[in-house]
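Got your viewer open? Load the model, switch to cartoon view, and keep the selection box handy.

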Amino acid sequence: MKEKLKISLISFDNWNYDKEIVIALTKKNIEATHINIGAYKHKNNFHRLKNVFYKVFFNKNLKFKNRQEYILKTLTKLGRQDLILVLNPDLIDFEYHKQIKQHTNRYITYLYDSIARSMYPIEHLLNGVFDTIYSFDKKDSENYNFKKINNYIYFDKQEIVNQEKTKYKLLSIASFDKRFNTFNKIANQLSEMNCKFLFICVSRNINYKLLKYKWNNFIKNDKQDALNKCINFQSKKIPLSDIKKYYDQTVVLLDLVQDHQTGLSFRVFEAMGLQKKLITNNKAIINYDFYNPNNILVIENEKLNFNTEFFKTPYQKISEDIYSQYTIESWVNVVFELEN
């Protein structure tokens, strides 16, 4: 009897997308393990205080080091792996990458963020520690000779929801970051159009960021950027299961990309799987085979002019041949070089 492949996935799993990869692998009768360093916590209050002390007085984050040690301990318990995939590897020091690689026959990584947004130098990717580097960003793939692959639809295709049964015309759930000014301008424009929307901005230090935004707006005295009262703010992350419930209530999803990003975010694939329309400022989307101007409205940050007819016309289905290329089943086959 053929032995099961052993594959480990190492990630922070900030929004709980990564665990779906492990689920997809398990369905293929693969012994898959998720080493979620985002779930790592201090053992007790003493260790927590010790970490604070070292950060303040020695500029050292013990939790960062302990997470990496946790990876090695887990791999030692699991035994040798056929393959290890690291998602966004800049959270792991190069010396630890070398040690992790010793636990596997093949060591690969996938970047679902742009190099321009990384807090760490590109050298940690170009020193040969990884056997293969996949990236969702077209420009990064071309500039650094990475293998280009998109994000994926992580759930089964949903039935098209009757627009009359939805609560909102446009919905967005996103982190509070540099994009907020554009989110706010869109919200103000939608309010003027009497178009009902739901925008939820999430950040751990949301009160500080809101205060800073209001103060900057007060200094500029710019009424166009006045904080829209209909935007919701919260510090707690929204579970993926709850996000899907919100999506069911809207006609269109909003996708605003980060600066310098050319890869497609998960919003694009969520919209595809939900069979819902999308508004995005990612101009690169027009070059994809699933692009349909009836389903996808491309806007510019400087010219936020919405076509109201876009909200009224029904969603046009994508052919199954095209759709299947963007499922998580297809993604794991490509990345892990598995047979269909």
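Here is a walk through the model, one selection at a time.

**The whole thing**

Before zooming in, keep in mind that this is a predicted model. Colour it by secondary structure and you can pick out 11 helices and 12 strands. The protein has 340 residues, and 49% of them are buried. Show the surface next: about 18,800 Å² is exposed, with carbon and sulfur atoms supplying 50% of that. Contacts reach a long way along the chain, too: among those with a separation of 6 or more, 69% are between residues 24 or more positions apart.

**Stop one: the six-stranded sheet**

Which order do the strands of the open sheet follow? Trace β2-β1-β3-β4-β5-β6, and you have six strands with parallel pairing. Now select residues 31-36 and 147-148, which are β2 and β6. These two stand at the edges with a single partner strand each, so one side of each has no neighbour in the sheet.

Move on to β4 and β5, which pair in the parallel sense over four bridges. Click threonine 109 and look across to β5, where isoleucine 133 stands opposite.

**Stop two: aromatic rings**

Show the side chains of Phe, Tyr and Trp: the count comes to 21 aromatic pairs. Start with tyrosine 107 and phenylalanine 130. Their ring centres are 4.7 Å apart and their planes meet at 25°, so this pair is stacked. The two residues are 23 residues apart and link distant parts of the chain: tyrosine 107 is in strand β4 (residues 107-111), while phenylalanine 130 is in the loop between β4 and β5. Are these rings buried or exposed? Tyrosine 107 is buried, at a relative accessible area of 0%, and phenylalanine 130 is buried as well, at 8%.

For another arrangement, select tyrosine 154 and phenylalanine 155. With centres 4.9 Å apart and planes at 85°, these rings are edge-to-face. Both residues are buried. They also belong to one aromatic cluster, so select its members together: Tyr17, Tyr110, Tyr112, Tyr152, Tyr154, Phe155, Phe266, Trp331 and Phe336.Two lysines are worth a click here. The charged end of lysine 157 sits over the ring of tyrosine 323, 4.3 Å from its centre. Lysine 277 lies over the face of phenylalanine 310, at 4.5 Å from the ring centre.

**Stop three: helix α9 and its surroundings**

Select residues 266-274, which make up helix α9. How many of its nine residues are buried? Nine of the nine are, and the helix is mostly covered. Phe266, the cluster member from the previous stop, is among these buried residues, along with others including Arg267 and Glu270. To see what they pack against, add β7 (168-175), α8 (240-247), β10 (250-255), β11 (277-280) and α10 (320-323). Then step to glutamine 275, which follows α9 and has a positive phi, near 55°.

Stay with β7 for a moment. Six of its eight residues are buried, so the rest of the structure largely encloses this strand. β7 pairs with β10 in the parallel sense over three bridges, and the bridge partner of leucine 171 in β10 is leucine 253. β7 also pairs with strand β8 (residues 197-202), in the parallel sense and over six bridges. Over in β8, phenylalanine 197 is the bridge partner of leucine 170. Bring in helix α6 (residues 180-192) and you can follow a right-handed β-α-β unit made of β7, α6 and β8.

**Stop four: helix α11**

Go to residues 328-335, helix α11, where Ile328, Trp331, Val332, Asn333 and Val335 are buried. Trp331 is part of the aromatic cluster from stop two. The cover over the buried residues of α11 includes α1 (19-26), β3 (83-87), β4 and β5. Just after the helix, look at glutamate 337: its phi is positive, about 55°.

**Last stop: isoleucine 100**

Finish in helix α4 (residues 94-101), where you'll find isoleucine 100. Its relative accessibility is 1%, so isoleucine 100 counts as buried. What is isoleucine 100 in contact with, leaving aside its neighbours within four places in sequence? Light up Ile10, Ile71, Leu72, Leu75, Ile84, Ile92 and Tyr107. That last one, tyrosine 107, is part of the stacked pair from stop two. For a distance to try in the viewer, pick the C-alpha atoms of isoleucine 100 and glutamine 68: they are 9.3 Å apart, with the two positions 32 residues apart along the chain.

Note on methods. Residues are numbered from 1 along each chain as its sequence is written. This is a predicted model: local features need pLDDT of at least 70, side-chain atom pairs count only at pLDDT 80 or more; totals for chains, interfaces and linings use all residues. Side-chain values use heavy atoms; hydrogens and water are left out. Buried means under 20% relative accessible area, exposed over 50%, partly exposed in between (1.4 Å probe, protein chains only). Contact means heavy atoms within 4.5 Å. Accessible areas come from the Shrake-Rupley method with a 1.4 Å probe; for residues, only the protein chains shown count as cover. Rings of Phe, Tyr and Trp (its six-membered ring) pair if their centres lie within 6.5 Å; planes under 30 degrees apart count as stacked, over 60 as edge-to-face and the rest as tilted. A charge sits over a ring if NZ of Lys or CZ of Arg is within 6 Å of the ring centre and within 35 degrees of the ring normal. Two strands pair if DSSP finds at least two bridges between them. A crossover is right-handed if, with the strands pointing away from the viewer, the path from the first strand over the helix to the second runs clockwise.
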